[in-house]
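These are my notebook entries on one structure. I set down below what I looked up, entry by entry.

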Amino acid sequence: NDAMAQHGDDVLYEVLPGRVALITLNRPDRLNALTMQMQEMYFDALERADADPEVSIIVVTGVGRGFCAGADVELLKTIGGKGTEGMKHDRNVDQILAYSITKPIIAAVNGACAGLGFVLAVMADIRFSTETAKFTSAFAKRGLIAEHGISWALPRIVGISNAMDILMSARIVPGAEAKSMGLVTAVYPDAETLRKEVIEYARQMAIHCSPASLAEIKAQVYHHASATPREAFDESSSLMLKSFKHPDSKEGVDSYNENREPVWQGLKFGRIAKLDPARRPSRRLASNRDCAK
């Protein structure tokens, strides 16, 4: 891999030591507000990291005082002119694409996080921020609705009451309060510390956790969000049996017993099972009996 590659100047892509891909929004003069081209570059970077066998974890952050201040005026006009059918089939405005990425996406929110930028952060799998980061949906103050599927995602992260507060009031939520809501996992005093700690968190995950396990766990969590407990249990039981056949299962036990770092085969060997985390589960999932056939 290149030590540093650029998807245009406004979105930077870098593979760091430790199997971590760092995607950086780089339009600091506009608080990293997204243009249509930037959003396409961002999705390209996600898919590039997902396809790279040398990348296990993806970290997303911004340059300067902002993480992402939302959609640029040009992007708003483009989205507004597409119509419903156009938006359904345009990958460049499809924020749930993040759920189809098999690898964990971690947002390091270093500053202003508003509107479409807020959606981008919510669609990440894990979020960290600075104490002074400012989160706001902003939609209601612009005569808009809860956009891009955030009405599905946000209540599952912070609960219905907090989601209603964030979306209906469109108020600014500082990093410390975001932590108390569960919107972010931890907060750090400044952007430099945030970047350092989040990258180290990602590296530790890449070292100690099987990429195959991470891909399946991510799929399970989103796939089972709309399943019944029985459906989730039955499918998890099936996946558990399949996981024993993956070499990472043996390596996890062997590395623990031998007191050494694991050497994962991960996704190079293949997925434990193929699930689409962006698709709602069918009302009847595979049962143990089905899997025994």
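**Entry 1: the hairpin.** I began with strand 2 and strand 3, which form a hairpin with three residues between them. In the turn I found G18 with a positive phi of about 100°. I note here that the model is a predicted one. The two strands of the hairpin, strand 2 and strand 3, are antiparallel and share six bridges. I looked up one pair by name: E14 has L22 in strand 3 as its bridge partner. I then checked the burial of strand 2, which spans residues 11–16. Five of its six residues are buried, so I recorded strand 2 as largely enclosed by the rest of the structure.

**Entry 2: strand 4.** From strand 3 (residues 20–25) I moved on to strand 4, and here the pairing is parallel, again with a count of six bridges. L25 is the residue that stands opposite G62 of strand 4. How many of the residues of strand 4 are buried? I found six of the six, over residues 57–62, so strand 4 is largely enclosed by the rest of the structure. I wrote down the directions as well. I57, V59 and T61 point one way, while I58, V60 and G62 point the other way, and all are buried. This agrees with a general rule: in a regular strand, side chains alternate between the two faces of the sheet.

**Entry 3: the open sheet.** I next traced a sheet of four strands, which is open, runs in the order 5-7-9-10 and has mixed pairing. Strand 5 and strand 10 stand at its edges; each has a single partner strand, so one side of each is left without a neighbour in the sheet. Strand 5 pairs with strand 7 (residues 112–114) in the parallel sense, over two bridges. Within this pair I noted C68, whose bridge partner in strand 7 is C113.

**Entry 4: F67.** I looked up F67, which lies in strand 5, residues 66–68. Is F67 buried or exposed? Its relative accessibility is 0%, and F67 therefore counts as buried. I also took a distance from F67 to N26: the two are 41 residues apart in sequence, and their C-alpha atoms are 9.3 Å apart in space.

**Entry 5: helix 7.** I listed the buried residues of helix 7 (residues 160–169) and found A163, I166 and L167. They cover an arc of only 90° around the axis, which puts them on the same side of helix 7. S161 and M168, on the other side of helix 7, are exposed. I then asked what covers the buried residues of helix 7. The cover includes helix 5 (116–122), helix 6 (150–158), strand 10 (173–174) and helix 8 (175–181). After helix 7 comes A170, and I recorded its phi as positive, near 55°.

**Entry 6: cavities.** I closed with the enclosed space. The count is two cavities of 30 Å³ or more, and the largest cavity holds about 40 Å³ of space. Which residues line the largest cavity? I listed Y42, F43, Q95, A98, L120, M123 and A124. By class, I entered this lining as six nonpolar residues, one polar residue and no charged residues.

Terms used:
Residues numbered from 1 in each chain as written. Predicted model: local features only at pLDDT ≥ 70, side-chain atom pairs only at ≥ 80, totals over all residues. Heavy atoms only, no water. 1 Å grid on protein atoms, 1.4 Å probe; cavity = no way out; pocket = protein on both sides within 12 Å on 5 of 7 lines; lining within 4 Å. Points joined across faces, edges and corners; volume = space filled by probe spheres on them. Nonpolar A, V, L, I, M, F, W, Y, C, P; charged D, E, K, R; others polar. Buried < 20%, exposed > 50% of the residue type's maximum accessible area, 1.4 Å probe, protein only. Arc of directions from axis to C-beta. Contact = heavy atoms within 4.5 Å. Pairing = 2+ DSSP bridges.
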